[in-house]
Amino acid sequence: MLDSVFSTLYNSGETVTVSSFLLILAAALVLGAVHALVYRRFNRCSSSFAVTLATLPAVVAVVILMVNGSIGAGIAVAGAFSLVRFRSAPGTGKEIAAVFIAMATGLACGMGSPALAALFTLILCAVEAFYSCIGFGGAGGGERLRLLHITVPEGLEYAGIFEDLFTSYTTRARLLRVKTANLGSLNRLTYEIELKAPGTEKALIDELRCRNGNLEISLSVQTEDPAEL
């Protein structure tokens with residue numbers, strides 16, 4: 001079942017038939033759509049990224065079909081595809097993994113193994129759904145993770161000034177970034193925090209306002225990798 005549908009053709013040196021090409025293209029498009037739907041079900045993503053995941057396997061499959069057996073063509077195509085990164089915004093770890101899964105599906109289809117591609121896609125989609133449901137990789141209490149942005153005057157020594165509040169309202173707090181603003185007269189601090197209990201955001205913000213001179217404070221749900229900030 002997992003044998004290549006092109007094995008006899010490649011061994012005999014014949015060209016790929018139209019029916020085989022359409023079979024591979026249809027398989028790549030269907031598997032790409034399944035992967036995109038599963039990814040969008042468990043992750044936030046733009047419509048353009050979902051379309052990319054759905055069509056990428058078909059593109060890769062056709063490229064593999066065209067360069068099969070030609071080393072020179074393969075190197076030329078690899079160089080052309082490497083230019084794509086200069087037109088792409090940096091992605092999160094999940095997005096990069098999703099792109100690699102889509103490419104692997106396209107590679108399997110392009111090599112003439114749609115059954116293997118389907119098995120691979122279904123297994124990876126199931127694993128991704130399972131990990132998302134159990135919150136795998138999180139530090140625990142993922143629904144209470146927040147990104148806290150605090151604006152403080154430039155002359156305020158912020159190191160340790162909020163520690164007692166963090167001890168009262170959070171199980172952990174980590175300073176991620178310090179950025180100057182308003183021509184250097186203000187500092188904007190970004191913390192990653194985990195609330196001890198949901199619904200305590202307002203109380204925390206009210207007490208923080210008393211420490212930062214009632215300047216801007218924002219608290220948002222963490223939806224991205226802190227390393228990408």
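**Exercise 1.** Find which residues of α5 meet which residues of α6, and describe the character of this contact and the arrangement of the two helices.

*Solution.* Start with the contact itself, where contact means heavy atoms within 4.5 Å: I101, A104, T105, A108 and C109 in α5 meet A117, F120, T121 and L124 in α6. Next, sort these residues, counting Ala, Val, Leu, Ile, Met, Phe, Trp, Tyr, Cys and Pro as nonpolar, Asp, Glu, Lys and Arg as charged, and the others, Gly among them, as polar; the contact of α5 with α6 then holds seven nonpolar, two polar and no charged residues. Then take the geometry: α5 (residues 93-110) and α6 (residues 114-134) pack at about 160 degrees, with axes 8 Å apart. Angles over 145 degrees count as roughly antiparallel, and α5 and α6 are therefore roughly antiparallel to each other.

The model is predicted, so local features need pLDDT of at least 70 and side-chain atom pairs count only at pLDDT 80 or more, while totals for chains, interfaces and linings use all residues. Residues are numbered from 1 along each chain as its sequence is written, and side-chain values use heavy atoms, with hydrogens and water left out.

**Exercise 2.** Work out in which order the four strands lie in the open sheet, and which strands are at its edges.

*Solution.* Read the order first: it is β2-β3-β1-β4, with antiparallel pairing, where two strands pair if DSSP finds at least two bridges between them. The edge strands are β2 (170-181) and β4 (217-221), each of which pairs on one side only. Looking at one pair, β2 and β3 (residues 186-195) are joined antiparallel over ten bridges, and A181 has L186 in β3 as its bridge partner.

Conventions
Axes fitted to C-alpha atoms, helices over the stretch in contact; angles between N-to-C directions. Parallel < 35°, antiparallel > 145°, perpendicular 65-115°, else oblique.
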